[in-house]
Amino acid sequence: MPVGATASRVGCSVCGKAHFRFDECRSATQYRGPLERAVVRFKYHRVRPLGGALARLMVLYMVARPELFTRYGAADMVVPVPLHWMRRMWRRFNQSEILAAPVAQALGLPVTQALRRTRNNRPQARLGFKERRSNVKGIFAPSPGVSLKGKSVVLIDDIITSGSTVSECAATLKNNGAKRVFVYTVCRRDLGP
């Protein structure tokens, strides 16, 4: 999947086999070199200021390629991928929330905490492609009081590797009434089956 290309059942060999529940996925760049180091420092070494720089990269890519994001702006809300409260307490922030705010502002959409994580699963980074799917199965639930019926959602995360996390989030959103789920991440890393 080239950077910025649609990740759906059509056009991407990995996505075509994976049966993802999201409708489309875009990433501002690839997970390698300086960007890989920046994401790792932001996420695992708790260097929070890097989040602003990564979010600006996401916004700059949207500005540079507006034709790729026309459907995103027509969505109803921006939803960050949630962290379990224990991991959030250790990290002191949710990296997806930090990334979501500037993207939502650029799209003119509200950030909505529409999902919650029901258990503290193992970190995906240490797992292979097949293990990632089972590791996230059933770990998300809708947040109480948030109406998703007929809504289009832009789901934000820092990185897409196997697509398992964002696909499980999309499944939860759609099973609770969302019409469409568009995924947008800072980086993508290919990890085929």
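At what angle do helix α2 and helix α3 pack, and how far apart are their axes? Here are my notes on this one, starting there.

1. **The α2/α3 pair.** Keep in mind that this is a predicted model. Helix α2 covers residues 33-44 and helix α3 covers residues 49-64; they pack at about 135°, and their axes are 9 Å apart. The pair counts as oblique, because angles over 145 degrees would be needed for roughly antiparallel. As for handedness, α2 passes α3 in a left-handed crossing. On the α2 side the contact is made by L35, A38, V39, R41 and F42, and on the α3 side by L50, G51, L54 and L57.

2. **The α3/α6 pair.** Helix α3 has another partner to look at: its axis and that of α6 come within 8 Å, crossing at roughly 30°. That angle is under 35 degrees, so α3 is roughly parallel to α6. This crossing is right-handed. If you want to select the interface, take G51, G52, L54, A55, M58, V59 and M62 from α3, which meet I98, L99, P102, V103, A106 and L107 from α6. Note that G51 and L54 of α3 turn up here and in the contact with α2 as well.

3. **The overall inventory.** Stepping back, the protein chain has eight helices and six strands. Read from the N terminus, the elements go α-β-α-α-α-β-α-α-β-α-β-β-α-β. Of the 193 residues in the protein chain, 51% count as buried. Contacts are worth a glance too: among those in the protein chain with a separation of 6 or more, 76% are between residues 24 or more positions apart.

4. **The sheet.** Four strands make an open sheet in the order β1-β6-β5-β2, and the pairing is parallel. At the edges sit β1 (24-30) and β2, each of which pairs on one side only. Ignoring direction, neighbouring strands of this sheet are turned by 25° against each other on average.

5. **Strand by strand.** Going along that order, β1 pairs with strand β6 (residues 180-188) in the parallel sense over six bridges, and E24 stands opposite F182 in β6. Next, eight bridges join β5 to β6, again running parallel; here the bridge partner of L155 is V183 in β6. Last, β2 is joined by four bridges to strand β5 (residues 152-160), and these two also run parallel. V79 has L155 in β5 as its bridge partner. L155 therefore ties into this register on both sides, with V79 as one partner and V183 as the other.

6. **Burial in the strands.** How much of β5 is buried? Nine of its nine residues are. Edge strand β2 (residues 77-80) is worth colouring by side-chain direction: M77 and V79 point one way, V78 and P80 point the other way, and all are buried. As a reminder, in a regular strand the side chains alternate between the two faces of the sheet.

7. **Helices on the sheet.** Helix α3 packs on the sheet as well, touching β1, β5 and β6, and its direction makes about 120° with that of β6. Helix α6 (residues 95-107) lies across β2, β5 and β6 and runs at about 135° to β5. Strands β5 and β6 are thus shared, with α3 touching them and α6 lying across them.

8. **F22.** This residue sits in the loop between α1 (13-18) and β1. Is F22 buried or exposed? F22 is buried, because its relative accessibility is 1% and the cut-off is under 20%. F22 also makes a handy long-range check: R180 is 158 residues away in sequence but 7.2 Å away in space, C-alpha to C-alpha.

9. **Cysteines.** How many disulfides does the structure hold? Zero. C25 is nonetheless buried, with a relative accessible area of 0%, and C187 is buried with a relative accessible area of 0% too.

How values were computed. Residues are numbered from 1 along each chain as its sequence is written. This is a predicted model: local features need pLDDT of at least 70, side-chain atom pairs count only at pLDDT 80 or more; totals for chains, interfaces and linings use all residues. Side-chain values use heavy atoms; hydrogens and water are left out. A disulfide is a pair of cysteine sulfur atoms within 2.5 Å. Buried means under 20% relative accessible area, exposed over 50%, partly exposed in between (1.4 Å probe, protein chains only). Two strands pair if DSSP finds at least two bridges between them. Axes are lines fitted to C-alpha atoms, for helices over the stretch in contact, and angles run from 0 to 180 degrees between N-to-C directions. Angles under 35 degrees count as roughly parallel, over 145 as roughly antiparallel, 65 to 115 as roughly perpendicular and the rest as oblique. A crossing is left-handed if the near helix is turned anticlockwise from the far one by less than a right angle, and right-handed if clockwise. Contact means heavy atoms within 4.5 Å.
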